[in-house]
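Visitor: I would like to learn how to read a few features of a protein model. Could you take me through them one at a time?

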Amino acid sequence: MESNAMTILPMCKYYAMHKQICDKRNAMNAKADDCLLVYMTAPDKDSAASWCETLVAERLAACANILDGASSLYWWQGKIEKAAETVCILKTTRSRFAAFTARAKELHSYETPCIVALPLADGLPDFLHWIRAETTTEATEGALSPLAPPAGE
């Protein structure tokens, strides 16, 4: 009987460690829709670059694409307005979106900025994993080793 206990005890320790590793891996490989594509507009390229750099540096977004030269048409204060704007496309997670939005609103010069998020229905698993890894609390505290960004980011 004692030999069984000696055999089971190390197995239980192994199982607990394995379960912990699997739980972390499963959390990182959750459904794609925990990743978000955020669409935000800015009045100009310099503002967009500054805001995006801050959001990425603070790990509220994994990356940002800045697309200058957008022509916008919208209702504002009872009339139709036209403006040249810069579009920002950022990638983050649901768990970071509230903090992302709060910080983006602090940085933004518009009274009512366009900050909307779309859930990602699917994507390259390595890219989705990278978004999650670069926006986790551990990443913000420097506990994760830096991951190389995907090409084009």
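Guide: We will go through the pocket, a strand pairing, an aromatic pair and the nonpolar core. This is a predicted model, where local features need pLDDT of at least 70, side-chain atom pairs count only at pLDDT 80 or more, and totals for chains, interfaces and linings use all residues. Residues are numbered from 1 along each chain as its sequence is written, and side-chain values use heavy atoms, with hydrogens and water left out.

Visitor: What volume does the largest pocket have?

Guide: Rolling a probe the size of a water molecule over the atoms shows where empty space is left. A pocket is an open set of points on a 1 Å grid over the protein atoms alone, where a 1.4 Å probe fits, with protein on both sides within 12 Å along at least five of seven lines; lining residues have an atom within 4 Å of a point. Here the largest pocket has a volume of about 280 Å³, counted as the space filled by probe spheres set on the points. It is lined by 13 residues, and Tyr-74, Trp-76, Glu-85, Tyr-110 and Thr-112 are the closest to its centre.

Visitor: Which strand gives the most to that lining?

Guide: Strands are DSSP runs of E, at least two residues long, and helices are runs of H or I, at least four. Strand S2 (63-76) gives the most, with four residues.

Visitor: How do S2 and S3 pair?

Guide: Two strands pair if DSSP finds at least two bridges between them. S2 and S3 (residues 79-93) are antiparallel, over 13 bridges; one of the partnerships joins Asp-68 to Thr-86 in S3. The two strands form a hairpin with two residues between them, and Gln-77 in the turn has a positive phi of about 50 degrees.

Visitor: Why is the pair Phe-97 and Phe-100 stacked?

Guide: Rings of Phe, Tyr and Trp (its six-membered ring) pair if their centres lie within 6.5 Å; planes under 30 degrees apart count as stacked, over 60 as edge-to-face and the rest as tilted. These two rings have centres 6.0 Å apart and planes at 15 degrees, so they are stacked. Both residues lie in helix H3 (residues 94-107), three residues apart.

Visitor: Is Phe-100 buried or exposed?

Guide: Buried means under 20% relative accessible area, exposed over 50%, partly exposed in between (1.4 Å probe, protein chains only). Phe-100 is buried at 0%, whereas Phe-97 is partly exposed at 21%.
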